[in-house]
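Biologist: I should like to learn how to read the features of a structure that is new to me. May we look at it together?

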Amino acid sequence: FAGAGKAGEKMGPFDYVVVKLYGDYADLKRTDIASDELLMIARALLPGEVEEGTKLHYEMFEYTIIC
């Protein structure tokens, strides 16, 4: 199926670190690959306990905190 790669890319798994929190949004940086790009995400999609520096795992449209 031609579109399977794109759909799979959106579901992860990916690892991130919270770089910055501001208002209702957060900037996340991928840590599982070399990248300088930041992902702006609504804080409502993240676990309530996130702080700057928190490590996150994303898979199947869900973010979880990595200890």
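Biologist: Which residues do ring pairs link into a cluster?

Modeller: Please note that this is a predicted model. In it, Phe 14, Tyr 16, Tyr 58 and Tyr 63 are joined into a cluster by ring pairs. The whole structure holds four aromatic pairs. One of them, between Phe 14 and Tyr 16, is edge-to-face, with 6.4 Å centre to centre and 75 degrees between the planes. Another pair, Tyr 16 with Tyr 63, is tilted, at 6.2 Å centre to centre and 50 degrees between the planes. This second pair links distant parts of the chain, since Tyr 16 belongs to strand 1 and Tyr 63 to strand 5, 47 residues apart.

Biologist: Is Tyr 63 buried or exposed, and why?

Modeller: Tyr 63 is buried because its relative accessible area is 10%, under the 20% cut-off. Tyr 16, at 7%, is buried as well. By contrast, Glu 49 counts as exposed because its relative accessibility is 57%, over the cut-off of 50%. Glu 49 is placed in the loop between strand 3 and strand 4.

Biologist: How does one read a pocket, and which residues lie nearest the centre of the largest pocket?

Modeller: Rolling a probe the size of a water molecule over the atoms reveals where empty space remains. Here the largest pocket has a volume of about 310 Å³. Its lining comprises 18 residues, with Phe 14, Tyr 16, Leu 39, Tyr 58 and Tyr 63 nearest the centre. Eleven of the lining residues are nonpolar, one is polar and six are charged. Helix 1 and strand 1 are among the elements that each supply at least two of these residues.

Note on methods
Residues are numbered from 1 along each chain as its sequence is written. This is a predicted model: local features need pLDDT of at least 70, side-chain atom pairs count only at pLDDT 80 or more; totals for chains, interfaces and linings use all residues. Side-chain values use heavy atoms; hydrogens and water are left out. On a 1 Å grid over the protein atoms alone, a cavity is a set of points where a 1.4 Å probe fits but cannot get out, and a pocket is an open set with protein on both sides within 12 Å along at least five of seven lines; lining residues have an atom within 4 Å of a point. Grid points are joined across faces, edges and corners, and a volume is the space filled by probe spheres set on the points. Helices (H or I, at least four residues) and strands (E, at least two) are DSSP runs, numbered from the N terminus. Ala, Val, Leu, Ile, Met, Phe, Trp, Tyr, Cys and Pro count as nonpolar, Asp, Glu, Lys and Arg as charged, and the others, Gly among them, as polar. Buried means under 20% relative accessible area, exposed over 50%, partly exposed in between (1.4 Å probe, protein chains only). Rings of Phe, Tyr and Trp (its six-membered ring) pair if their centres lie within 6.5 Å; planes under 30 degrees apart count as stacked, over 60 as edge-to-face and the rest as tilted.
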